[in-house]
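Here is a briefing on one protein chain. Keep the sequence and the 3D view side by side while reading.

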Amino acid sequence: MEERLQKILANAGIASRRKCEELILAGKVELNGEVVTTLGVKANPASDVITVNGKPLRVKTERVYLAFHKPKGVITSTSDPEGRKTVIDFIKGVGTRVYPVGRLDYDSEGLLLLTNDGELANRLTHPRHHVAKIYHATVKGVPHGDALEKLKQGVMLEDGMTQPAEVEYHDVDMERNIATISIIIHEGRNRQVRRMFDSIGHPVIKLKRVQFGNITLQGIARGKYRHLTKSELNELQMSVMSKRTP
């Protein structure tokens, strides 16, 4: 059965569908000996010869879904030209190549999903599905209720207005003049939570993601990972499979 080339690459575990589109546009993909540089080209992975960066594509049928507790000071990437530790350095023995779903910045820690299912990864990160992500943000000072109300309504950042967030106090330390705020967002902009708290005058000291969709960080030690259970995966898939992405 023919499918779009970028979907075949994503399903084979090369990268997310968006990254696969970038590989095609950059001329890194060949179909039956011809370089493909336009999107929308279809192929049959069972009969066509597909190469990426000169290497034959190996179609993987086994899907892997992992929940990983990313430590602070680790790059959310499959490699780093500066030689810093990446999340992939912690993933051993899964038998296939996986890649991160979305990102957690270098200074943040917490729950990160990894998979070789490009279609699901694309849906989980697509804005239209509004997948909830819960963070615990420890900030300087103790934000007043009106400051948190701004986050609830949405704040203007340099890349536009944020969607409304759900926020509440998680912990307050008056002696140290810091507070930990639980915040739920449905977007995935670069360093979004940090920028949101900067906008209300309470810079983030520590940021930890504790939940992504229905998947929680509970029981996963820092630097460790586990496979999603069948019921967890089914619920996660159902939450984003009701709509088609472009």
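In which helix is the place of Gly 145? Gly 145 belongs to helix α4, which covers residues 145-153. The model is a predicted one. The points below start with the whole chain, then take three helices in turn, and end with two loop residues.

**Overall build**

- The secondary structure consists of six helices and 17 strands.
- The radius of gyration is 20 Å, close to the 18 Å that the globule rule gives for 246 residues, so the protein is as compact as a globular protein of that length.
- The C-alpha trace spans about 65 × 40 × 35 Å along its principal axes.
- Of the 246 residues, 48% are buried.
- Take the contacts between residues at least 6 apart in sequence: 64% of them join residues at least 24 apart.

**Surface and charge**

- The protein exposes about 13,000 Å². Carbon and sulfur atoms supply 48% of that area.
- There are 38 positive and 29 negative charges. Their mean positions lie 3 Å apart.

**Helix α4 (residues 145-153)**

- Gly 145 is partly exposed, at a relative accessible area of 47%. The cut-offs explain the label, because partly exposed covers the range between buried, under 20%, and exposed, over 50%.
- Gly 145 and Glu 168 are 23 residues apart in sequence. Their C-alpha atoms are 9.2 Å apart in space.
- Which residues of α4 are buried? They are Ala 147, Leu 148 and Leu 151.
- Seen down the axis of α4, these buried residues fall within an arc of 95°, so they line one face of the helix.
- An α-helix has 3.6 residues a turn, so residues three or four places apart point the same way.
- The face of α4 turned away from the buried side carries Asp 146, Lys 150 and Gln 153, which are exposed.
- The cover over the buried residues of α4 includes the strands β13 and β14 and the helix α5 (192-199).
- Gly 154 follows α4 and has a positive phi, near 110°.

**Helix α2 (residues 17-25)**

- Four residues of α2 are buried: Arg 17, Cys 20, Leu 23 and Ile 24.
- The buried residues cover an arc of only 110° around the axis, which puts them on the same side of α2.
- What do the buried residues of α2 pack against? Their partners are two helices, α1 (5-11) and α3 (118-125), and the strands β2 (29-31), β3 (34-36) and β5 (50-52).
- Leu 25 also lies in α2. Setting aside neighbours within four places in sequence, Leu 25 is in contact with Thr 37 and Leu 39.
- Leu 25 and Thr 37 are 12 residues apart along the chain, with 4.6 Å between their C-alpha atoms.
- Gly 27 comes after α2, and its phi is positive, near 75°.

**Helix α6 (residues 230-240)**

- The buried residues of α6 are Glu 232, Leu 233, Leu 236 and Val 240.
- Viewed down the axis of α6, they fall within an arc of 95°, so they line one face of the helix.
- Lys 230, Ser 231 and Met 238 are exposed, on the face of α6 turned away from its buried side.
- The buried residues of α6 pack against α3 and against the strands β7 (65-70), β9 (109-115), β16 (215-216) and β17 (225-227).
- Helix α3 thus appears twice: the buried residues of α2 pack against α3, and those of α6 do too.

**Loop residues with positive phi**

- Most residues other than glycine have a negative phi.
- Asn 53 has a positive phi, near 55°. Where is Asn 53 found? Its place is the loop between β5 and β6 (55-56).
- Is Asn 53 buried or exposed? Asn 53 counts as exposed, because its relative accessibility is 53% and the cut-off for exposed is over 50%.
- Asn 177 has a positive phi as well, near 55°. Asn 177 sits in the loop between β13 (166-173) and β14 (178-185).
- Asn 177 is partly exposed, with a relative accessible area of 45%.
- The strands β13 and β14 on either side of that loop are among the elements that cover the buried residues of α4.

Methods: Residues numbered from 1 in each chain as written. Predicted model: local features only at pLDDT ≥ 70, side-chain atom pairs only at ≥ 80, totals over all residues. Heavy atoms only, no water. Buried < 20%, exposed > 50% of the residue type's maximum accessible area, 1.4 Å probe, protein only. Arc of directions from axis to C-beta. Contact = heavy atoms within 4.5 Å. Rg over C-alpha atoms; globule rule 2.2 N^0.38 Å. Areas by Shrake-Rupley, 256 points an atom, 1.4 Å probe, with all protein chains shown as cover. Lys, Arg positive; Asp, Glu negative; His and termini not counted. Charge placed at Lys NZ, Arg CZ, Asp CG, Glu CD.
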